[in-house]
Amino acid sequence: MKLTAKFDTRREAEMTVERIVQQFEIDRAKVAITADGGENTAGIAEDGSDQKTGDSRSEARDDAELNGKVVVTVEVADDETASEVREAFNEFDASEQAVR
């Protein structure tokens, strides 16, 4: 079965994938990160490297690709693994979770 969830930021999606792969030892080849739509996206809100740094010498950026949510899809083999993936989705504020 495949579990999917949408994230507001690329950072949340990447943190979820890190948790799934490292903590739950799911093969990275079974995890996909894609844009929710046809355009490149970093999510719907700036976060991580898309934000201005605390360094006063750096300039604010306004070029983040904010064209929709970031989708994480994970292929799982059993209900126990699915439960762990859902736990990671919830930890990093996933929305629109689905099972395919």
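1. Is K6 buried or exposed, and what is its relative accessible area? K6 is buried, with a relative accessible area of 18%, where buried means under 20%, exposed means over 50% and partly exposed lies in between, for a 1.4 Å probe and protein chains only.

2. A word on the basis of these remarks: this is a predicted model, in which local features need pLDDT of at least 70 and side-chain atom pairs count only at pLDDT 80 or more, while totals for chains, interfaces and linings use all residues. Residues are numbered from 1 along each chain as its sequence is written, and side-chain values use heavy atoms, with hydrogens and water left out.

3. Helix α2 covers residues 79-91; helices (H or I, at least four residues) and strands (E, at least two) are DSSP runs, numbered from the N terminus. The expected span of a helix is 1.5 Å times one less than its number of residues, so the 13 residues of α2 should span 18 Å, and the end C-alpha atoms are indeed 18 Å apart, which agrees.

4. The buried residues of α2 are T81, A82, V85, A88 and F89. They cover an arc of only 120° around the axis, and therefore lie on the same side of α2, the arc being that of the directions from the helix axis to the C-beta atoms. On the other side of the helix, D79 and E80 are exposed. The elements that cover the buried residues include β1 (2-7), α1 (10-22), β3 (70-75) and β4 (95-99), with contact taken as heavy atoms within 4.5 Å.

5. Both ends of α2 deserve a remark. At the N-terminal end, D78 acts as a cap, with a side-chain oxygen 3.1 Å from the backbone nitrogen of E80; a polar contact is a pair of N or O atoms within 3.5 Å, where within protein one must be able to donate a hydrogen and the other to accept it, and residues adjacent in sequence count only if both atoms are side-chain atoms. After the helix comes D93, whose phi is positive, near 60°. D93 is placed in the loop between α2 and β4 and is exposed, with a relative accessible area of 54%.

6. Positive phi values in residues other than glycine merit a check, because most residues other than glycine have a negative phi. Besides D93, E96 has a positive phi, near 50°, and E96 lies in strand β4.

7. A search of the whole structure finds 4 salt bridges, a salt bridge being a side-chain nitrogen of Lys or Arg within 4 Å of a carboxyl oxygen of Asp or Glu. One of them joins D36 to K6, the closest N and O atoms being 3.1 Å apart. This pair links distant parts of the chain, with D36 in the loop between β2 (31-35) and β3 and K6 in strand β1, 30 residues apart. D36 is partly exposed, with a relative accessible area of 33%.

8. E96 also forms a salt bridge with K6, with 3.1 Å between the closest N and O atoms. Because E96 lies in strand β4 and K6 in strand β1, the pair ties together parts that are 90 residues apart in sequence.

9. R19 and E91 meet through their side chains in a salt bridge of 2.6 Å, N to O. R19 belongs to helix α1 and E91 to helix α2, so this pair ties together parts that are 72 residues apart in sequence. R19 is partly exposed at 26% relative accessibility, and E91 is partly exposed at 42%. Elsewhere, salt bridges that share partners join K6, D36 and E96 into one network.
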